[in-house]
Amino acid sequence: MLSRFGKWAVALVVLTLACGHAMADDTLAKVKAAGKIAAGVKNDYRPWGFLDPSGQIVGMEVDLAKDIAKRLGVELQLVPVVAANRMEFLTQGNIDMIIATMSDTPERRKVVGMIEPQYYASATNVLAPKSAHLHAWTDLTGKKVCGVQGAFYNRGVEQKYQADIVSFAGVPDALKALQAGTCIAFVYDDTFIQSTLSAKDPQWADYEMPLKSEDPQPWAIGVRLDDVNGPFGQFLSKTSEEWHRTGYLIDLEKKWGITPSPFLVEMHNKYAAK
Amino acid sequence: MTIVEAFKHLNDAYGINLSIVYDPFDRERFVHGFLMTLLLSIVSMALSIVIGLVGAWLLGGRSRLLKGATTGFVEAFRNTPPLIQLLFFFFAVSPFLPGAVNSAGQVTPLIGGVGWAIISLSLYAGALNVEIFRSGLEAVPSATREAAESLGYTRLQAFRHVVFPLAFRISLSALNNNMVNLIKTTTLAYAIGVPELLYASAAIWSESLNVREMMLVMLATYLLLIAGYTGIMNRVERALRMPGTDV
């Protein structure tokens, strides 16, 4: 027989496991009724989502979120997220969509709906001091490599190359630890590393992106699983298609000084031809 | 059906994803996380008790300088949040210490994340232990101390053989509370990338996307860990019971 404490513990477990599947309302109708849409964006990922000197979150993905809000005729609420919490924020209903450099992977598709066509793509690379003389991914074997919690490739780098990943909550902490010599390299999206290096900030003058980018993955807008085939998902899908067809994404890339991505050119050609 | 298959089935059929049971990679991370939590707890406990004893000894001494320094240390570490102390050591103090140059020509800190976590946790819990031992020492009747001294004990001898054993027994329950708190505080090491239990769990849930399951597993693990510790300490308290007193 269960003790009284045991019964409560079981009830708590069942309740916790049962939560999180309660939200099934149509998000498009909800957003329009509330006149407000909440988007989860990054605030430490220049120039996709970062803080400007006045403390506002700006960037390419923020522009995308603004465009979506404008099309819906609603107010935009930006919620800063990190890799480790963005999907929970979405499933719990704190935000209505994720536009936060999220790679579309099969594991994640079990938890969130991924909007197609995807709006960007990145691969994995490392930022390392030139003095480390890294040439191949296998040079990372047995070395400490800084990373960010929740990035999908941490596990792959750890398993494939036996690197020792030390991961931090956010990008600034991980970069600080790299500069302090806690690790030999920082593993992250090549897009971020490229734009960090091309910003010509003197603190990164002695750093490089020495490896061949690996494992390219497209970035998708994330919505709740119930929404992906519903009206909200269809609306976002059509919007994303239009972004590609009209060259809006390529224009934004230019606006934010991002190195042109072959992915966007390919997608533009594909949709413009239709 | 093996246990591994059963838990895979639990995930596929019911969406209850306990990847630490069926996925060897996640399991290893979780076990390592648990061992790191144990290591942090045990080493920090031992060091914090030493710090507490030394501090309490200095507070009872004659040197005003040492007394003042000890009081300053206690106040500084008792009155600031332990997370801030940890971040301060790791991000503000560490870069200014001399480092070693590794094979890649990089200057690497001599003390890594684990080292700073142990130092920071020991100082934090140690500051509280100073106060715990001081109050224990003050609770020893001065008549007892005088009796020891009249028998020819030096101050150190009286402390070692008479005052301290009594004071330690009096302090034991407050000390245990602080040590339980210390075990829980080891989770802060997560913030500087020390792969303890919370870090391992966070890595697992952000990749296997099983937040709820891992939260429950983590809660249960800490519950068992601390229940184990208090179980042992209750036995110690009973074994050290002083007949004729309240403690």
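A salt bridge is a side-chain nitrogen of Lys or Arg within 4 Å of a carboxyl oxygen of Asp or Glu. The views below show a predicted model.

**View 1. A salt bridge links Asp26(B) to Arg155(A) across the interface of the two chains.** The side chains of these residues approach to 3.2 Å, N to O. In total, 2 salt bridges are counted between chain A and chain B. The two chains also share 6 residue pairs in polar contact, with both residues at pLDDT 80 or more.

**View 2. The interface joins 35 residues of chain A with 27 residues of chain B.** About 2500 Å² is buried between the two chains, and 59% of this area is on carbon and sulfur atoms. The count of residue pairs in polar contact here is 6. On the side of chain A that touches chain B, two or more residues come from each of helix H1 (4–18), helix H4 (86–92), helix H5 (106–109), helix H6 (153–161), strand S10 (164–168) and helix H7 (171–179) of chain A. This side of chain A comprises 18 nonpolar, 10 polar and 7 charged residues.

**View 3. The second largest pocket has a volume of about 740 Å³.** Its lining consists of 40 residues, and those nearest the centre are Lys144(A), Asp164(A), Ile165(A), Val166(A) and Pro195(B). Two or more lining residues are given by each of H6 and S10 of chain A, and by each of helix H3 (24–59), strand S2 (107–109), helix H6 (113–139) and helix H9 (197–208) of chain B. By class, the lining divides into 16 nonpolar, 17 polar and 7 charged residues.

**View 4. The largest cavity encloses about 100 Å³ of space.** The structure contains 4 cavities of 30 Å³ or more. Residues lining the largest cavity include Lys42(A), Arg86(A), Thr101(A), Ser103(A), Arg108(A), Phe152(A), Tyr153(A), Tyr188(A) and Asp189(A). The lining is made up of 6 nonpolar, 2 polar and 4 charged residues. Thr101(A), one of the lining residues, has a positive phi of about 45° although it is not a glycine. Thr101(A) belongs to the loop between strand S6 (97–98) and H5 of chain A.

**View 5. Cis peptide bonds precede Pro47(A) and Pro117(A).** The bond between Arg46(A) and Pro47(A) has an omega of about -5°. Pro47(A) is placed in the loop between strand S2 (44–45) and strand S3 (49–51) of chain A. For the bond from Glu116(A) to Pro117(A), omega is near -5°. Pro117(A) occupies the loop between strand S7 (113–114) and strand S8 (120–129) of chain A.

Technical notes: Residues are numbered from 1 along each chain as its sequence is written. Chains are lettered from A and ligands numbered from 1 in the order in which they are written. This is a predicted model: local features need pLDDT of at least 70, side-chain atom pairs count only at pLDDT 80 or more; totals for chains, interfaces and linings use all residues. Side-chain values use heavy atoms; hydrogens and water are left out. Contact means heavy atoms within 4.5 Å. Buried area is the accessible area (1.4 Å probe) that two parts lose on being put together, summed over both. A polar contact is a pair of N or O atoms within 3.5 Å; within protein, one must be able to donate a hydrogen and the other to accept it, and residues adjacent in sequence count only if both atoms are side-chain atoms. Helices (H or I, at least four residues) and strands (E, at least two) are DSSP runs, numbered from the N terminus. Ala, Val, Leu, Ile, Met, Phe, Trp, Tyr, Cys and Pro count as nonpolar, Asp, Glu, Lys and Arg as charged, and the others, Gly among them, as polar. On a 1 Å grid over the protein atoms alone, a cavity is a set of points where a 1.4 Å probe fits but cannot get out, and a pocket is an open set with protein on both sides within 12 Å along at least five of seven lines; lining residues have an atom within 4 Å of a point. Grid points are joined across faces, edges and corners, and a volume is the space filled by probe spheres set on the points.
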